[in-house]
Number of protein chains: 2
Amino acid sequence: MINKLVEQIKKKDAPIVVGLDPMLNYVPDFLKKEAYSEFGKTLEGAAKAIWEYNKAIIDATYDLIPAVKPQIAMYEQFGIDGLKVFKDTVDYAKSKGIIVIGDIKRGDIGTTSAAYATGHIGKVEVGSKKYSLFDEDFVTVNPYLGTDGIKPFVDVCKEEKKGLFILVKTSNKSSGEFQDRLIDGRPLYELVGEKVAEWGADCMGDSYSYVGAVVGATYPEMGKVLRKVMPKSYILVPGYGAQGGKAADLKPYFNEDGLGAIVNSSRGIIAAYKQEKYASFGEENFADASRQAVIDMIEDINSAIK
Amino acid sequence: MINKLVEQIKKKDAPIVVGLDPMLNYVPDFLKKEAYSEFGKTLEGAAKAIWEYNKAIIDATYDLIPAVKPQIAMYEQFGIDGLKVFKDTVDYAKSKGIIVIGDIKRGDIGTTSAAYATGHIGKVEVGSKKYSLFDEDFVTVNPYLGTDGIKPFVDVCKEEKKGLFILVKTSNKSSGEFQDRLIDGRPLYELVGEKVAEWGADCMGDSYSYVGAVVGATYPEMGKVLRKVMPKSYILVPGYGAQGGKAADLKPYFNEDGLGAIVNSSRGIIAAYKQEKYASFGEENFADASRQAVIDMIEDINSAIK
């Protein structure tokens, strides 16, 4: 799957991923009205509105982007109805030929970690039959529990040719509370980065490992160090745009081959129509605004890294 | 909710929680047969078998135990069908008057963490209407992202009178890879423990905070230190029984009031009928075997801590 991701990034000349993190207040009123008139102001109604919103954004952008990254929390907050839309979104994006990174940040141990891996990137056995479940292409995983938490995911990756992005240095302000603390003179995130390189060493694609890392755009100095610590790991970079990360800061996340990183934007793309810059599209044409925001983002990033 | 948990523990004289972590191979064959004959070897069939299994165990033990802890991964691995059983299990346990600790180990930042908190212990707004979703009483949370990841959960706890258990020192073998590393001469888990005490300081119940911690039974020396670092935090203790933790080691996790910790057993209770010790119950009476295992566990722990 890492080969497919690299291939898509090259083909579309776009090292970006669109975060499908639909807050209900991002969804245009007319979509909500339509959904509520059919299902009422119910969980089903909310789910329907979010589904139509996601679908329109995928339709308007899939030819430009290698991947989408639905954040499962935004669906889980609507319970079962929300999770059905998560699943439908995964399937729909894949049907359009783009890669799906499930931003699930799961992390547990042993059989429990294996169960998460099964549910998201593997297959479950019922009697003699096997079923795929949420079936993302990549998922994000939390490293706090150590190798016991990661290995079950890696095992499923090998079997199913899927991939991981492991949290190393997150984009938020308080990420330093634990991640930056010095251990034998080096920050915790560096040790986690070293482990990522180690976990990924025996599941290599053509030029990159199936095991990648998450490093926030908001910490470019750390990104520079981590790029060297794990040269074969793809870096998923959140925090560009709305969270304050700038394209000019992104160069250190990439390798000399121009590859090695994929930059996420969520709100900046999916709620582009709410920005002054794209207001002229109008709410009805929210998906066209998202398309223009994707074009602008690709140009912004490519001009900074090339 | 922490007051209700303490009250239930006192009333039942049982500082334990039953982990409802149903692997399909724990479920007795006759239950699977019944379910498959109705739904086939499908996800629905697996979900039905697990539901009947959980229901029988709750029916056989609810008068003895203060709480259950369903591990969401075990349900998530069956996709939407599994998650419906998770929700049904939460509701059913609550209808029997016991407390539900959702073992979800979620962790993200800002609005995303808020979305998880909403989905599991809060209410979501659709138009002007509010809905409860999975609606557990407590959830487990991962601390790797720092305060930004925890605060949204704490905010919802305050509003809804719910509670948290934050991962501090996990029970698995590789937990030391990051958690034991020394920072200014003290292990990371101690710093996380201090933060737990800090996060919990302003949401106190009568004698304990709404914000508790997870500390594995397999590390009693560390449990002793952590008990002092966070005296007002309830400690959820996994790793007893099947994972190797012994009752004799549990005393340091409790305060002098005989409270302050709740010990989990999953496999040891729900799959008791598979142990030689309880084999005489027979597979048909698996739930009675679980009841006896609960009685034995309560006695084992009380004799060690009193």
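How many residues does the contact take from chain A and from chain B?

## Contact between the chains

In this predicted model, the contact takes 58 residues from chain A and 59 residues from chain B. On the side of chain A that touches chain B, helix α6 (residues 110–121) of chain A gives the most, with seven residues. By residue class, that side of chain A divides into 27 nonpolar, 20 polar and eleven charged residues.

The copies meet through the same surface, because 100% of the interface residues of chain A are also interface residues in chain B.

## Symmetry

Two copies of a chain are related by a rotation about an axis and a shift along it. Here a turn of 180° and a shift of 0.0 Å along the axis lay chain A on chain B with an RMSD of 0.0 Å. This is the relation of a two-fold axis. Ile183(A) is the residue of chain A that comes closest to the rotation axis, with its C-alpha at 2.7 Å.

## Barrel of chain B

Chain B has a closed barrel of eight strands with parallel pairing, in the order β1-β2-β3-β6-β7-β10-β11-β12. Within the barrel order, strand β2 (residues 67–68) of chain B and strand β3 (residues 99–106) of chain B run parallel and are joined by two bridges. Val68(B) has Val100(B) in β3(B) as its bridge partner.

Two helices of chain B can be placed against these strands. Helix α10 (residues 220–229) lies across β7 (163–169) and β10 (211–215) of chain B, and runs at about 165° to β10(B). Helix α12 (residues 286–305) of chain B lies across β1 (16–18) and β12 (261–265) of chain B, at about 155° to β1(B).

## Hairpin of chain B

Strands β4 and β5 are not listed in the barrel order. Strand β4 (residues 123–126) of chain B pairs with strand β5 (residues 129–132) of chain B in the antiparallel sense, over four bridges. Val126(B) stands opposite Lys129(B) in β5(B). The hairpin of β4(B) and β5(B) has two residues between the strands, and Gly127(B) takes a positive phi near 60° there.

## First helix of chain A

Which residues of helix α1 (residues 2–12) of chain A are buried? They are Ile2(A), Leu5(A), Val6(A) and Ile9(A). These residues lie on the same side of α1(A), because they cover an arc of only 95° around the axis. Their cover includes β2 (67–68), β3 (99–106), β7 (163–169) and β12 (261–265) of chain A.

## Residues with positive phi

Just after α1(A), Asp13(A) takes a positive phi of about 45°. In chain B, Asp13(B) lies in the loop between α1 (2–12) and β1. Asp13(B) has a positive phi of about 45° although it is not a glycine. Is Asp13(B) buried or exposed? Asp13(B) has 12 other C-beta atoms within 10 Å, and a residue with 12 or fewer counts as exposed, so Asp13(B) is exposed.

Lys161(A) is another residue that is not a glycine and has a positive phi, in this case of about 55°. The loop between α7 (147–160) and β7 of chain A holds Lys161(A). With 15 other C-beta atoms within 10 Å, Lys161(A) is partly exposed.

Notes. Residues are numbered from 1 along each chain as its sequence is written. Chains are lettered from A and ligands numbered from 1 in the order in which they are written. This is a predicted model: local features need pLDDT of at least 70, side-chain atom pairs count only at pLDDT 80 or more; totals for chains, interfaces and linings use all residues. Two residues are in contact if their C-beta atoms, placed from the backbone, lie within 7 Å. Ala, Val, Leu, Ile, Met, Phe, Trp, Tyr, Cys and Pro count as nonpolar, Asp, Glu, Lys and Arg as charged, and the others, Gly among them, as polar. A residue is buried if 20 or more other C-beta atoms lie within 10 Å of its own, exposed if 12 or fewer, and partly exposed in between; C-beta atoms are placed from the backbone. The arc is that of the directions from the helix axis to the C-beta atoms. Copies are superposed by least squares on the C-alpha atoms of residues with pLDDT of at least 70 in both. Two strands pair if DSSP finds at least two bridges between them. Axes are lines fitted to C-alpha atoms, for helices over the stretch in contact, and angles run from 0 to 180 degrees between N-to-C directions.
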